[in-house]
Amino acid sequence: MKGVFPIKTFETTDTPFYYYDTDLLRKTLRAIIDEIGKYENYNVHYAVKANANPKLLNIICQAGLGVDCVSGGEIMAALNAGFSPDKIVFAGVGKSDKEIKLGLDKGIYCFNVESIPELEVINQLAEQCGKVASIALRINPNVSAHTHANITTGLAENKFGIAMSDMDDVIAKALAMKNVKFMGLHFHIGSQILDMGDFVALCNRINDLQAQLETHHIKIDLINVGGGLGIDYNHPNRVPIPDFKSYFETYAKHLKLRKGQSLHFELGRSVVGQCGSLITKVLYVKQGSFKKFAIVDAGMTDLIRPALYQAYHKIENISNDESLETYDVVGPICESSDVFAKAIDLNECHRGDLIAIRSAGAYGEIMASQYNCRPLPKGYIKEEMI
Ligand code: PLP
């Protein structure tokens, strides 16, 4: 089964470009809203890092989600798309003074603080502006997510967060500061996680940490568990919407929230991943010594995930239904890693055929670069193509 696309419009549009099925995005957002509506005090902040296309941000904002930003640029993108500052959380191991001041100036909901030096700088800068910054401490829970090593973040060896052993000291410091308000704890164990057991392990760890804090009579208002829910890259047509029901149920069942506490999620990939496809054209079909190459006009500059993480994306020839042939699908960039897939079956490719690289809505367009002096790919939403 292949995806359904407005091929006629594609045929007259310069390739490569990203195409976003906004009907699917809206259905995905509805599924999230319906699920969190079953619980008290559940809040989802869309992780802008997954895709900051203003047209998508606008739709996500209208659906009522908050945002998770990791730079001043993302805060501005979120504000420009209409998100209210009191729905913005700001994470990142290396926030610059300028970015912290921007967050203070705009009055964002919460800074997710990743180290003692950062906490001290936020307190100082807040004092200078005569403000009090709401903060959560990002704790590194040393919980493994069974995902690619490059997208695991919650192990002690990773650069993210404050070590659990330092948590009590850092909280004591935060509580003594005049210009920060300690709100709670933040976690994020990794991305593209499909095994709910990993989230259960995180819940168990948070339950222990909360019990430990209570022995010191420390109460917290919020828990932010980050993002990480994966999507089905193998079956974008069969499983277009991730299993949000199981995801939120896992937290409802295993995380012991105290009365009045709010729970925050920072979902990125699971919100936008399946609605995006990278559309590219076959430039040449080349018979090598051992294999056949479909050389397309998109490259790793447009979608870097296969080169960076050996990520799998389903690829479809959407121009014809001829018999299947085996190809390596490669781009035009002067790097041997510029390969989208090796030895995959596609309907026979001809020069000019349109190819859809599926499940490319997250960490696709936003990671594009201009290496080889290439233009950045454009992103179109369904409404612009029909
Ligand atoms: N929150 C934080 C702190 C992150 O680092 C990330 C991704 O790296 C996310 C949320 C979003 O993760 P995902 O796209 O897997 O939901």
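Me: Why doesn't C110 form a disulfide with C69?
Reply: Because the sulfur of C69, the closest cysteine sulfur to that of C110, is 12 Å away, too far for a bond. A disulfide here is a pair of cysteine sulfur atoms within 2.5 Å.

Me: What is a disulfide, chemically?
Reply: A covalent bond between the sulfur atoms of two cysteines.

Me: Ok, and is this model predicted, or what is it?
Reply: Predicted: local features need pLDDT of at least 70, side-chain atom pairs count only at pLDDT 80 or more, and totals for chains, interfaces and linings use all residues. Residues are numbered from 1 along each chain as its sequence is written, and side-chain values use heavy atoms, with hydrogens and water left out.

Me: Back to C110, buried or exposed?
Reply: Buried, because its relative accessibility is 1%. The cut-offs: buried is under 20% relative accessible area, exposed is over 50%, and partly exposed is in between (1.4 Å probe, protein chains only).

Me: What about C275, how far is its sulfur from the closest cysteine sulfur?
Reply: 16 Å, and that closest sulfur belongs to C61, so the gap is too far for a bond. C275 is buried too, with a relative accessible area of 4%.

Me: So how many disulfides does the structure hold?
Reply: The count is 0.

Me: New topic, the ligand. How many residues surround it?
Reply: There are 14, and the closest are S191, G228, E266, R269 and Y363. To count as near, a residue needs a heavy atom within 4 Å of the molecule.

Me: What does S191 do there, in distance terms?
Reply: An N or O atom in the S191 side chain sits 2.3 Å from an oxygen atom of the ligand. For E266, a polar side-chain atom is 2.7 Å from a ligand nitrogen. R269 comes in with its backbone: an N or O atom there is 2.8 Å from a ligand oxygen.

Me: How much of the ligand's accessible area does the protein cover?
Reply: 91% of the 390 Å² that the ligand has on its own. Those areas come from the Shrake-Rupley method with a 1.4 Å probe, and for residues only the protein chains shown count as cover.

Me: Which classes make up the shell around the ligand?
Reply: It has 3 nonpolar, 6 polar and 5 charged residues. In this scheme Ala, Val, Leu, Ile, Met, Phe, Trp, Tyr, Cys and Pro are nonpolar, Asp, Glu, Lys and Arg are charged, and the others, Gly among them, are polar.

Me: Zooming out, how many helices and strands are there?
Reply: The protein has 11 helices and 17 strands. Both are DSSP runs numbered from the N terminus: helices are H or I with at least four residues, strands are E with at least two.

Me: And the overall size, what box do the C-alpha atoms fill?
Reply: Roughly 70 × 40 × 40 Å, along the principal axes. The radius of gyration is 22 Å, which agrees with the value near 21 Å for a compact globule of 386 residues. That radius is taken over C-alpha atoms, and the globule rule is 2.2 Å times the number of residues to the power 0.38. Of the 386 residues, 55% count as buried.

Me: Where is the cis peptide bond?
Reply: It joins T15 and P16, with omega at about -5°. P16 is in the loop between α1 (7-11) and β1 (17-20).

Me: What's up with phi at S359?
Reply: It is near 55°, a positive value in a residue other than glycine. S359 is in the loop between β16 (354-357) and β17 (378-381), and it counts as buried at 1% relative accessibility. C373 also has a positive phi, about 55°, and is not a glycine. The loop between β16 and β17 holds C373, which is exposed with a relative accessible area of 78%.

Me: Where does C334 sit?
Reply: In the loop between β14 and β15 (339-347). C334 is exposed, at 63% relative accessibility. Its C-alpha is 7.8 Å from that of N372, 38 residues apart along the chain.

Me: And E322, where does that one lie?
Reply: In the loop between β13 (315-317) and β14 (324-330). E322 is partly exposed, with a relative accessible area of 35%. E322 and E348 are 5.6 Å apart, C-alpha to C-alpha, and 26 residues apart in sequence.

Notes: A polar contact is a pair of N or O atoms within 3.5 Å; within protein, one must be able to donate a hydrogen and the other to accept it, and residues adjacent in sequence count only if both atoms are side-chain atoms.
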